[in-house]
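Here is a walk through one protein fold, with an eye on the sheet, the packing and the charged side chains. Have the viewer open while you read.

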Amino acid sequence: MKLDITKEQNEKVLDEVNICFMFAPLYHSAMKYVAAARKQMGIRTIFNILGPLASPALANLQVLGVYSEELVEPMAKVLANLGVKHAMVVYGQDGVDEVSLCAPTTICEVKGKELHSFILNPKELGLTLCKQSDLVGGEAALNKEIALQILKGEKGPKRDMVLLNSAVALKVALDMDLKEALNLAAEMIDSGKALQKLNDFVEMTNSFEQVTV
(Lines give C-alpha, C1' and ligand atoms only; values in the text may rest on other atoms or scores of the structure.)
Protein backbone atom coordinates (compact mmCIF):
# COMPACT_ATOMS: atom_id res chain seq x y z
CA MET A 1 0.00 0.00 0.00
CA LYS A 2 1.08 3.62 -0.48
CA LEU A 3 1.00 5.74 2.67
CA ASP A 4 2.64 8.93 1.40
CA ILE A 5 -0.21 10.06 -0.86
CA THR A 6 -1.32 13.68 -1.11
CA LYS A 7 -3.83 15.25 1.26
CA GLU A 8 -6.35 15.49 -1.56
CA GLN A 9 -5.91 11.82 -2.42
CA ASN A 10 -6.22 10.88 1.24
CA GLU A 11 -9.48 12.79 1.53
CA LYS A 12 -10.78 10.76 -1.40
CA VAL A 13 -9.70 7.52 0.29
CA LEU A 14 -11.45 8.54 3.50
CA ASP A 15 -14.64 9.47 1.62
CA GLU A 16 -14.77 6.23 -0.35
CA VAL A 17 -13.19 3.62 1.97
CA ASN A 18 -13.92 5.31 5.32
CA ILE A 19 -10.38 4.81 6.65
CA CYS A 20 -7.11 6.55 5.91
CA PHE A 21 -3.53 6.85 7.14
CA MET A 22 -2.14 10.30 7.82
CA PHE A 23 1.59 10.20 6.95
CA ALA A 24 3.19 12.45 9.60
CA PRO A 25 5.65 14.40 7.37
CA LEU A 26 2.74 15.54 5.20
CA TYR A 27 0.39 16.54 8.00
CA HIS A 28 2.56 17.33 11.01
CA SER A 29 5.37 19.10 9.18
CA ALA A 30 6.61 21.06 12.20
CA MET A 31 7.65 17.84 13.92
CA LYS A 32 10.02 16.82 11.15
CA TYR A 33 12.36 19.68 12.09
CA VAL A 34 13.04 18.07 15.47
CA ALA A 35 13.07 14.46 14.26
CA ALA A 36 16.85 14.24 13.79
CA ALA A 37 17.59 15.75 17.21
CA ARG A 38 15.10 13.43 18.90
CA LYS A 39 16.70 10.42 17.25
CA GLN A 40 20.20 11.50 18.31
CA MET A 41 19.12 12.02 21.93
CA GLY A 42 17.57 8.59 22.11
CA ILE A 43 15.43 9.42 25.14
CA ARG A 44 11.88 10.60 25.67
CA THR A 45 11.44 14.37 25.55
CA ILE A 46 8.59 16.87 25.76
CA PHE A 47 7.88 16.10 22.11
CA ASN A 48 6.61 12.64 23.08
CA ILE A 49 3.88 14.49 24.94
CA LEU A 50 3.37 17.43 22.58
CA GLY A 51 3.21 15.39 19.38
CA PRO A 52 -0.22 13.78 19.89
CA LEU A 53 -1.68 16.93 21.47
CA ALA A 54 -0.50 19.15 18.60
CA SER A 55 -1.91 16.95 15.85
CA PRO A 56 -3.37 19.09 13.04
CA ALA A 57 -6.13 16.50 12.57
CA LEU A 58 -8.01 18.10 15.48
CA ALA A 59 -9.84 14.82 16.09
CA ASN A 60 -12.63 15.18 18.64
CA LEU A 61 -12.81 11.41 19.21
CA GLN A 62 -9.51 9.90 20.36
CA VAL A 63 -7.76 6.99 22.04
CA LEU A 64 -4.41 8.30 23.25
CA GLY A 65 -1.71 6.05 24.68
CA VAL A 66 0.88 7.43 27.09
CA TYR A 67 4.18 5.97 28.32
CA SER A 68 3.68 6.74 32.01
CA GLU A 69 0.76 6.25 34.38
CA GLU A 70 1.46 9.71 35.79
CA LEU A 71 0.51 11.23 32.42
CA VAL A 72 -2.91 9.61 32.12
CA GLU A 73 -5.01 12.16 33.98
CA PRO A 74 -3.00 15.28 32.98
CA MET A 75 -3.27 14.35 29.28
CA ALA A 76 -6.99 13.72 29.71
CA LYS A 77 -7.40 17.18 31.23
CA VAL A 78 -5.57 18.72 28.27
CA LEU A 79 -7.84 16.89 25.82
CA ALA A 80 -10.87 18.16 27.72
CA ASN A 81 -9.53 21.71 27.50
CA LEU A 82 -8.91 21.23 23.78
CA GLY A 83 -12.60 20.48 23.34
CA VAL A 84 -12.68 16.78 22.43
CA LYS A 85 -16.12 15.19 22.57
CA HIS A 86 -15.05 11.75 23.74
CA ALA A 87 -11.60 10.31 24.40
CA MET A 88 -9.72 7.74 26.44
CA VAL A 89 -6.14 8.15 27.63
CA VAL A 90 -4.64 4.72 28.31
CA TYR A 91 -1.58 3.22 29.96
CA GLY A 92 -0.97 -0.53 30.18
CA GLN A 93 0.41 -1.27 33.64
CA ASP A 94 3.06 -3.55 32.12
CA GLY A 95 4.62 -0.41 30.60
CA VAL A 96 2.92 -0.16 27.19
CA ASP A 97 1.22 2.92 25.74
CA GLU A 98 -1.91 1.04 24.74
CA VAL A 99 -4.58 -1.16 26.28
CA SER A 100 -2.71 -4.21 27.55
CA LEU A 101 -3.58 -7.89 27.41
CA CYS A 102 -0.75 -8.68 29.84
CA ALA A 103 -1.87 -6.51 32.76
CA PRO A 104 -4.63 -4.12 33.80
CA THR A 105 -4.78 -0.79 32.00
CA THR A 106 -5.17 2.60 33.67
CA ILE A 107 -7.70 4.71 31.76
CA CYS A 108 -9.08 8.21 32.06
CA GLU A 109 -12.19 8.73 29.97
CA VAL A 110 -13.06 12.21 28.72
CA LYS A 111 -16.63 13.19 27.86
CA GLY A 112 -16.75 16.88 27.20
CA LYS A 113 -15.38 18.42 30.40
CA GLU A 114 -16.10 15.34 32.53
CA LEU A 115 -13.31 12.93 33.46
CA HIS A 116 -13.71 9.39 34.73
CA SER A 117 -10.70 7.30 35.77
CA PHE A 118 -10.82 3.51 36.08
CA ILE A 119 -8.80 0.33 35.72
CA LEU A 120 -9.64 -2.08 32.92
CA ASN A 121 -8.77 -5.74 33.46
CA PRO A 122 -9.06 -7.88 30.29
CA LYS A 123 -10.51 -10.68 32.42
CA GLU A 124 -13.60 -8.53 32.97
CA LEU A 125 -14.29 -8.83 29.23
CA GLY A 126 -13.76 -12.58 29.17
CA LEU A 127 -10.21 -12.40 27.79
CA THR A 128 -7.22 -14.36 29.07
CA LEU A 129 -4.10 -12.54 30.21
CA CYS A 130 -0.95 -13.41 28.29
CA LYS A 131 2.79 -12.74 28.36
CA GLN A 132 4.36 -9.96 26.31
CA SER A 133 6.33 -12.65 24.49
CA ASP A 134 3.02 -13.97 23.13
CA LEU A 135 2.52 -10.66 21.29
CA VAL A 136 5.97 -10.14 19.82
CA GLY A 137 6.23 -9.50 16.09
CA GLY A 138 9.36 -8.94 14.02
CA GLU A 139 10.36 -7.63 10.61
CA ALA A 140 7.82 -6.00 8.31
CA ALA A 141 7.11 -9.22 6.38
CA LEU A 142 6.38 -11.14 9.57
CA ASN A 143 4.18 -8.38 10.96
CA LYS A 144 2.23 -8.30 7.70
CA GLU A 145 1.65 -12.05 7.92
CA ILE A 146 0.54 -11.78 11.56
CA ALA A 147 -1.92 -9.00 10.69
CA LEU A 148 -3.36 -10.96 7.76
CA GLN A 149 -3.75 -14.12 9.84
CA ILE A 150 -5.64 -12.16 12.49
CA LEU A 151 -7.93 -10.64 9.87
CA LYS A 152 -8.50 -14.12 8.43
CA GLY A 153 -9.79 -15.26 11.80
CA GLU A 154 -6.81 -16.91 13.49
CA LYS A 155 -7.42 -17.15 17.25
CA GLY A 156 -4.91 -16.43 20.00
CA PRO A 157 -3.40 -13.64 22.13
CA LYS A 158 -2.53 -11.44 19.15
CA ARG A 159 -6.13 -11.45 17.97
CA ASP A 160 -7.34 -10.76 21.51
CA MET A 161 -4.97 -7.79 21.76
CA VAL A 162 -6.45 -6.39 18.55
CA LEU A 163 -9.98 -6.98 19.78
CA LEU A 164 -9.28 -5.30 23.12
CA ASN A 165 -7.84 -2.13 21.63
CA SER A 166 -10.50 -2.07 18.91
CA ALA A 167 -13.18 -2.33 21.58
CA VAL A 168 -11.86 0.75 23.36
CA ALA A 169 -11.78 2.66 20.06
CA LEU A 170 -15.34 1.58 19.25
CA LYS A 171 -16.51 2.62 22.71
CA VAL A 172 -15.12 6.10 22.09
CA ALA A 173 -16.49 6.34 18.55
CA LEU A 174 -19.94 4.86 19.18
CA ASP A 175 -20.33 5.44 22.94
CA MET A 176 -21.17 1.79 23.52
CA ASP A 177 -20.61 -0.77 26.26
CA LEU A 178 -17.09 -2.25 26.20
CA LYS A 179 -18.31 -5.85 26.08
CA GLU A 180 -20.63 -5.04 23.19
CA ALA A 181 -17.77 -3.21 21.48
CA LEU A 182 -15.55 -6.27 21.89
CA ASN A 183 -18.23 -8.48 20.31
CA LEU A 184 -18.63 -6.02 17.45
CA ALA A 185 -14.87 -6.04 16.79
CA ALA A 186 -14.90 -9.85 16.69
CA GLU A 187 -17.88 -9.82 14.33
CA MET A 188 -16.10 -7.44 11.95
CA ILE A 189 -13.13 -9.83 11.75
CA ASP A 190 -15.06 -13.10 11.61
CA SER A 191 -17.42 -11.80 8.92
CA GLY A 192 -14.48 -10.85 6.68
CA LYS A 193 -15.49 -7.18 6.66
CA ALA A 194 -12.26 -6.01 8.30
CA LEU A 195 -10.09 -7.86 5.76
CA GLN A 196 -12.19 -6.52 2.90
CA LYS A 197 -11.78 -3.00 4.24
CA LEU A 198 -8.00 -3.46 4.27
CA ASN A 199 -8.06 -4.79 0.71
CA ASP A 200 -10.13 -1.80 -0.42
CA PHE A 201 -7.68 0.55 1.27
CA VAL A 202 -4.66 -1.14 -0.32
CA GLU A 203 -6.24 -1.15 -3.76
CA MET A 204 -7.20 2.51 -3.71
CA THR A 205 -3.96 3.86 -2.27
CA ASN A 206 -1.93 1.82 -4.76
CA SER A 207 -3.90 3.38 -7.61
CA PHE A 208 -2.29 6.79 -6.97
CA GLU A 209 1.01 8.04 -8.30
CA GLN A 210 4.01 8.04 -5.92
CA VAL A 211 4.53 11.25 -3.96
CA THR A 212 7.91 12.70 -3.04
CA VAL A 213 7.94 14.06 0.52
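What follows is a short tour of this predicted model.

## The sheet

Let's start with the strands. Four of them make an open sheet in the order β1-β2-β3-β4, with mixed pairing. On the edges sit β1 (61-65) and β4 (114-120), each pairing on one side only. The average turn between neighbouring strands of this sheet is 15°, direction ignored.

Strands β2 (residues 86-92) and β3 (residues 105-111) run antiparallel and are joined by seven bridges. Two of the residue pairs are handy landmarks: Met88 has Glu109 of β3 as its bridge partner, and His86 stands opposite Lys111 in β3. On to the next pairing: β3 and β4 are antiparallel too, over seven bridges, and here Val110 faces Leu115 in β4. The hairpin of β3 and β4 has two residues between the strands, and Gly112 there takes a positive phi near 65°. As for solvent, β3 is mostly covered, with six of its seven residues buried.

## A helix across the strands

Helix α5 (residues 72-82) lies across β1, β2, β3 and β4, and runs at about 15° to β3. Asn81 belongs to this helix. Is Asn81 buried or exposed? Its relative accessibility is 60%, so Asn81 counts as exposed, the cut-off being over 50%. If you want a long-range pair to click on, try Asn81 and Lys113: they are 32 residues apart along the chain, while their C-alpha atoms are separated by 7.3 Å.

Helix α5 also holds a charged pair. The side chains of Lys77 and Glu73 meet in a salt bridge, at 3.6 Å from N to O. Because these two are four residues apart in helix α5, about one helical turn separates Lys77 and Glu73. Both ends see some solvent: Lys77 is partly exposed with a relative accessible area of 43%, and Glu73 is partly exposed at 39%.

## Nonpolar packing

Which residues touch the most other members of the largest nonpolar core? They are Met88, Leu120 and Leu164, in a core of 28 residues. At least two residues of this core come from each of β2, β4, α6 (140-151), α7 (157-174) and α8 (178-190). Apart from it lies another core, of 15 residues, which includes Ile49, Val66, Leu79 and Ala87.

Met88 is worth a closer look. Leaving out residues up to four places away in sequence, Met88 touches Gln62, Val63, Leu64, Ile107, Cys108, Glu109, Phe118, Val168, Lys171 and Val172. So one of the contacts of Met88 is a lysine, Lys171, and that residue gets the next section.

## A buried lysine

Lys171 is found in helix α7. What is the nearest side chain of opposite charge to Lys171? It is Glu109, 4.0 Å away, yet Lys171 has no salt bridge even though it is buried. With residues up to four places away in sequence set aside, the contacts of Lys171 are His86, Met88, Glu109, Met176, Leu178 and Ala181. Glu109 ties this spot back to the sheet, as the bridge partner of Met88 in β3.

## Salt bridges

Side chains of opposite charge can pair when their charged atoms come close. How many salt bridges does the model have? The count comes to three. The pair in helix α5, Lys77 and Glu73, was covered above.

Next up is Lys111 with Asp175, whose closest N and O atoms are 2.9 Å apart. Lys111 lies in strand β3 and Asp175 in the loop between α7 and α8, so this pair ties together parts that are 64 residues apart in sequence. Lys111 is partly exposed at 37% relative accessibility, and Asp175 is partly exposed too, with a relative accessible area of 46%.

Then there's Asp190 with Arg159, where the closest N and O atoms are 3.0 Å apart. Since Asp190 lies in helix α8 and Arg159 in helix α7, the pair ties together parts that are 31 residues apart in sequence. Here the two ends differ in exposure: Asp190 is partly exposed, with a relative accessible area of 47%, whereas Arg159 counts as buried at 6% relative accessibility.

Definitions and conventions. Residues are numbered from 1 along each chain as its sequence is written. This is a predicted model: local features need pLDDT of at least 70, side-chain atom pairs count only at pLDDT 80 or more; totals for chains, interfaces and linings use all residues. Side-chain values use heavy atoms; hydrogens and water are left out. Two strands pair if DSSP finds at least two bridges between them. Axes are lines fitted to C-alpha atoms, for helices over the stretch in contact, and angles run from 0 to 180 degrees between N-to-C directions. Contact means heavy atoms within 4.5 Å. A nonpolar core is a set of buried Ala, Val, Leu, Ile, Met, Phe, Trp, Tyr and Cys residues joined through side-chain atoms within 4.5 Å. Buried means under 20% relative accessible area, exposed over 50%, partly exposed in between (1.4 Å probe, protein chains only). Lys and Arg count as positive and Asp and Glu as negative; His and the chain ends are not counted.
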